[in-house]
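Biologist: I would like a close look at one part of this model, the helix packing in the second chain. Please take it slowly and keep to what can be computed from the atoms.

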Amino acid sequence: MSSSLLTDVNPSRGGSGSQPAESFLDVRDLRIHFNTDDGVVKAVDGLTFQLERGQTLGIVGESGSGKSVTSLGILGLHRRGSAKISGEVWLDGEELIGASPERVRLLRGAKMSMIFQDPLTAMHPYYTIGAQIIEAYRVHHKVSKAEARKRAIEMLDRVGIPQPQRRVDDYPHQFSGGMRQRAMIAMSLVNNPQLLIADEPTTALDVTVQAQILDLIRDLQSEFNSAVIIITHDLGVVAEVADDILVMYGGKCVEQTTAEAIFRRPEHPYAWGLLSSMPRVDREVRERLVPIKGNPPSLINLPSGCSFHPRCPYTQRNGIPCKTVEPTLAEGTPEHGVACHIPPADRTAIFKSDIAPNL
Amino acid sequence: MINYILRRLVTAALLIVAVSMVTFAIFFLIPKAANADPAEMYVGKTATAREVEATRIKLGLDKPIYVQYGQFVKGLVAGRDYDSGPSVTHCSAPCFGYSFRTDREVWPLLLDRLPVTISLALGAAVLWLAGGVAGGVISALKRGKLADRAVMIIALAGVSLPVYFTGLVFQSLFVHQWKIFKGGEYVNFVDDPLGWANKLFLAWVSLALLFAATYARLTRATMLETLGEDYIRTARAKGLKERVVIGKHAMRAVLTPIVTIFGLDLGTLLGGAILTERVFSLPGIGKLSVDAVTQKDLPIILGATLFASFFIVMANLIVDVLYAVIDPRVRLS
């Protein structure tokens, strides 16, 4: 991956048993399963990725592909009773899955922090914006309310809220959508997190505000040299901000490479589908967007073999075992992982002849 | 906020006026429908026709109904004089008239009974609020576990068993069988606080059981719903302790419906808990009203009804104001 140029600033402090990670964030074979009455939901099934400080990873996929579950899993926000979590998550040399809940709680909101999707529901309706930011600051800092309030006003100012001294005492419902998202970002960044996970940060916003919010995240990232994960179903968003991209399907990663490569030479048929269903304003308007046929798979009963095969237009070509053997990312290269049985030369050829002309 | 409260106050005042009209109309219409003459009911069956006529004039029953209503309202606000020619009886505000049976003023009668009713209602309210909300929270946090089942079974039993059953069982066990509490007359709190609590305790528990069930169920349902809210996830994502997430962020939302029904329940009970007062022979407003009904003592029925509706309207008003305090979004609309 392109992010390997950065080495950790702090040498790994090491954790238990397994070798400590070299990357700032190192997720290894993360599995998050939920037991339900209908069976085991494998929301995330064997996810591995690394992320360095100052870099941005985009996680892309349809609803129900396991994007949000992954981020909540990293933050330790799943209930231990209902979710079965295995694998390793190393953050700055510290393993989180096996750590005590209390230890993870102390990191949460401080070293790692999250921006949620819909700030109207994600902020408490009964408390003022200021009170919520002050609370977030005081969980991790032993300071007076007055000092925390100063910090809250400073943060609101930083994210571009006009008259922060006055707006700090407003309630979330008194803010507009874009303002609320800024306030949410101010709250997430109040403790200068080194890992920031933004879960669909711009979904509820109109396009101009979207661009402002993305700029804001990028500015704050470069200021603190934080690692950022942006979770989205919007390829336009990741095109703008991400260094690397991880495409998820049915709880697994199906393609993993740089943002550049995903747009220039995507190799997985699912990624082709995502790109073909994305509107483009810089090209001539085509007749119609091409949707991916079918629906996302049930995470309880994933299709056999490659879980994308029922929706894949290129399945079973030349007798490749799509329905029986599960492909791994190793079907691609270390720099461009692709979980697809189609031979690499064929993938490139299909993309050039069938897909690229229609994008 | 001031505007909001003022608007609610006006609504409350209008409601009370409407209730007074309806109750007064009933007071006037019921005797008519039953072919009875209020004046006759007042003086008694042995009175002569002239005495009945004199009473009719004295009470103003000979005037049209709207004049009577006007006099009644004037009595409530400013007091009124009953003029029977030679003698004038002054009834000072708020004047609900005189009891048909005992010829005593209704208002002091009501005031006499009020401490008993307040004692019963407030004591029970403390118990059911504490028990119901605590039970509901435990139940929600331990969903599906033994504690949840236990609380819900107790709640189901509480809401299903009528006061005249639990009350009698409690009395027979705790008073007569085991002699833990003494029965006997109601005593005032100021005279004998311990005796007061001793007499009321079983009544509090019986009444509280009935209400606690509703509160436990409501708290459980709201808490479960709230725990699924995004802002609870945000609170956890901030790194707050679970105790703070539940005790502060979740409880704040759970409180809203609880405050609503609590205000209404308490308001209703202040108008008299008829069954409980009877079972435990507590001389409260409920008992006064039941006795008045059996004796067809119309002024007391009218007074007690207005008194009770006053409490309910006030409770509504307080709930509305509290609502605005709890939920900032209410203040805008």
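Modeller: What follows goes through the helices of chain B, their packing, and then the side that touches chain A. The model is predicted, and the values below are computed from it.

Chain B has 14 helices and two strands. Its C-alpha atoms fill a box of roughly 85 × 55 × 40 Å along the principal axes. Of the 333 residues in chain B, 34% are buried. Counting contacts in chain B between residues at least 6 apart in sequence, 65% join residues at least 24 apart.

The pair to begin with is α1(B) and α13(B). Two packed helices are described by the angle between their axes and the distance between the axes. Helix α1 of chain B covers residues 2-33, and it packs against α13(B) at an angle of about 160°, the axes being 10 Å apart. Because angles over 145 degrees count as roughly antiparallel, α1(B) is roughly antiparallel to α13(B). The crossing of these two helices, α1(B) and α13(B), is right-handed.

On the α1(B) side, the contact is made by Y4(B), I5(B), R8(B), L9(B), A12(B), L15(B), I16(B), V19(B), S20(B), T23(B), F24(B) and F27(B). The residues of α13(B) in this contact include L298(B), L302(B), L306(B), F310(B), V313(B), L317(B) and V321(B), with N316(B) and D320(B) also among them. By class, the contact of α1(B) with α13(B) consists of 17 nonpolar, five polar and two charged residues.

Helix α13 (298-326) also takes part in covering another helix of chain B: along with α5 (106-141) and α11 (274-279), it is included in what covers the buried residues of α12(B). Helix α12 itself spans residues 285-294, and its buried residues are I285(B), G286(B), K287(B), L288(B), S289(B) and A292(B). After α12(B) comes K296(B), with a positive phi near 50°.

A nonpolar core is a separate matter from a helix pair. In the largest nonpolar core, which has 99 residues, I133(A), A152(A), L156(A), A183(A), A186(A) and V247(A) touch the most other members. A second, separate core of 66 residues includes V133(B), V163(B), L282(B) and I301(B).

Next come α9(B) and α10(B). These helices pack at an angle of about 145°, with axes 10 Å apart, and α9(B) passes α10(B) in a right-handed crossing. In their contact, Y231(B), I232(B), A235(B) and R236(B) of α9(B) meet V245(B), H249(B) and A250(B) of α10(B). Five of the residues in the contact of α9(B) with α10(B) are nonpolar, one is polar and one is charged.

Both helices also belong to the side that touches chain A. There, 17 residues of chain B are in contact with 22 residues of chain A. Two or more residues on that side of chain B come from each of α9 (230-237), α10 (242-270) and α14 (328-332). The largest share, six residues, is given by α9(B). Sorted by class, the side of chain B that touches chain A has six nonpolar, three polar and eight charged residues.

Terms used
Residues are numbered from 1 along each chain as its sequence is written. Chains are lettered from A and ligands numbered from 1 in the order in which they are written. This is a predicted model: local features need pLDDT of at least 70, side-chain atom pairs count only at pLDDT 80 or more; totals for chains, interfaces and linings use all residues. Helices (H or I, at least four residues) and strands (E, at least two) are DSSP runs, numbered from the N terminus. A residue is buried if 20 or more other C-beta atoms lie within 10 Å of its own, exposed if 12 or fewer, and partly exposed in between; C-beta atoms are placed from the backbone. Two residues are in contact if their C-beta atoms, placed from the backbone, lie within 7 Å. A nonpolar core is a set of buried Ala, Val, Leu, Ile, Met, Phe, Trp, Tyr and Cys residues joined through C-beta atoms within 7 Å. Ala, Val, Leu, Ile, Met, Phe, Trp, Tyr, Cys and Pro count as nonpolar, Asp, Glu, Lys and Arg as charged, and the others, Gly among them, as polar. Axes are lines fitted to C-alpha atoms, for helices over the stretch in contact, and angles run from 0 to 180 degrees between N-to-C directions. Angles under 35 degrees count as roughly parallel, over 145 as roughly antiparallel, 65 to 115 as roughly perpendicular and the rest as oblique. A crossing is left-handed if the near helix is turned anticlockwise from the far one by less than a right angle, and right-handed if clockwise.
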